[in-house]
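Hi there,

Here is the structure I promised to pass on to you. Please have a look at it, and then read my notes underneath.

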Amino acid sequence: MEHLMSTPTVRPPAERFTGDVYLNLLEAPAEPARLAVGLVRFTPGARTNWHSHANGQTLCITDGVGLVGTRDGDVVRVSAGETVKCPAGEEHWHGATDTTLMAHIAIVVGDGNGDGTTWLEPVSDEQYAAALSGTGGTGN
Ligand code: MN
């Protein structure tokens, strides 16, 4: 077995996130396996850009309280112990609330060319405020 006492914490690319986010990459896609797993920690106010995953994504919330939103305006408030499954190709975002940290394990299966994530534009302050208030907005 391989027993890792710790894994490096890095800052993911700033052009894909708003705010302060920390990533521990636990599994990178490597042929023939295409599994990618990361522990992602979002500080208050931090969130991903809009994005989608070629083969979907499973998010296991491990700490704090956060939000997951989709283009139709649906926003779910998530807490430690909960799991969210994002279907293949669905544009969405995830992050902390404005007053809480949120950490999740993110699990994807790559498409044979990286982890299969398509990154889009940032979640605007207006979209984020709507998500926080529970009104969701249109996502556009
Ligand atoms: Mn995602």
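Below is what turned up, starting with the metal site.

Please keep in mind that this is a predicted model. The manganese ion has five named partners: His-51, His-53, His-92 and His-94 each coordinate through NE2, and Gln-57 does so through OE1, at 2.1 to 2.2 Å. Along the sequence, these donor residues follow the spacing H-x1-H-x3-Q-x34-H-x1-H. Two of the donors are buried: His-53 has 4% relative accessibility, and Gln-57 has 7%.

You may want to know about the cysteines too. There are zero disulfides in the structure. The sulfur of Cys-60 has its closest cysteine sulfur in Cys-86, but that is 11 Å away, so the two are too far apart for a bond. Cys-60 is partly exposed, at 24% relative accessibility, whereas Cys-86 is buried, at 7%.

Now to the rings. The structure holds three aromatic pairs. One of them joins Phe-17 and Phe-42 in a tilted arrangement, with 6.5 Å from centre to centre and 50° between the planes. Phe-17 belongs to strand E1 (residues 17–18) and Phe-42 to strand E3 (residues 35–42), so this pair ties together parts that are 25 residues apart in sequence. Phe-17 and Phe-42 are both buried, and ring pairs link them with Trp-119 into a cluster.

Finally, two arginines sit over ring faces: Arg-11 lies over Tyr-22, at 4.9 Å from the ring centre, and Arg-71 lies over Trp-50, at 4.0 Å from the ring centre.

Best wishes

How values were computed: Residues are numbered from 1 along each chain as its sequence is written. This is a predicted model: local features need pLDDT of at least 70, side-chain atom pairs count only at pLDDT 80 or more; totals for chains, interfaces and linings use all residues. Side-chain values use heavy atoms; hydrogens and water are left out. Donors are N, O and S atoms within 2.8 Å of the metal (3.2 Å for Na, K and Ca); water is not among the atoms, so sites may look incomplete. Buried means under 20% relative accessible area, exposed over 50%, partly exposed in between (1.4 Å probe, protein chains only). A disulfide is a pair of cysteine sulfur atoms within 2.5 Å. Rings of Phe, Tyr and Trp (its six-membered ring) pair if their centres lie within 6.5 Å; planes under 30 degrees apart count as stacked, over 60 as edge-to-face and the rest as tilted. Helices (H or I, at least four residues) and strands (E, at least two) are DSSP runs, numbered from the N terminus. A charge sits over a ring if NZ of Lys or CZ of Arg is within 6 Å of the ring centre and within 35 degrees of the ring normal.
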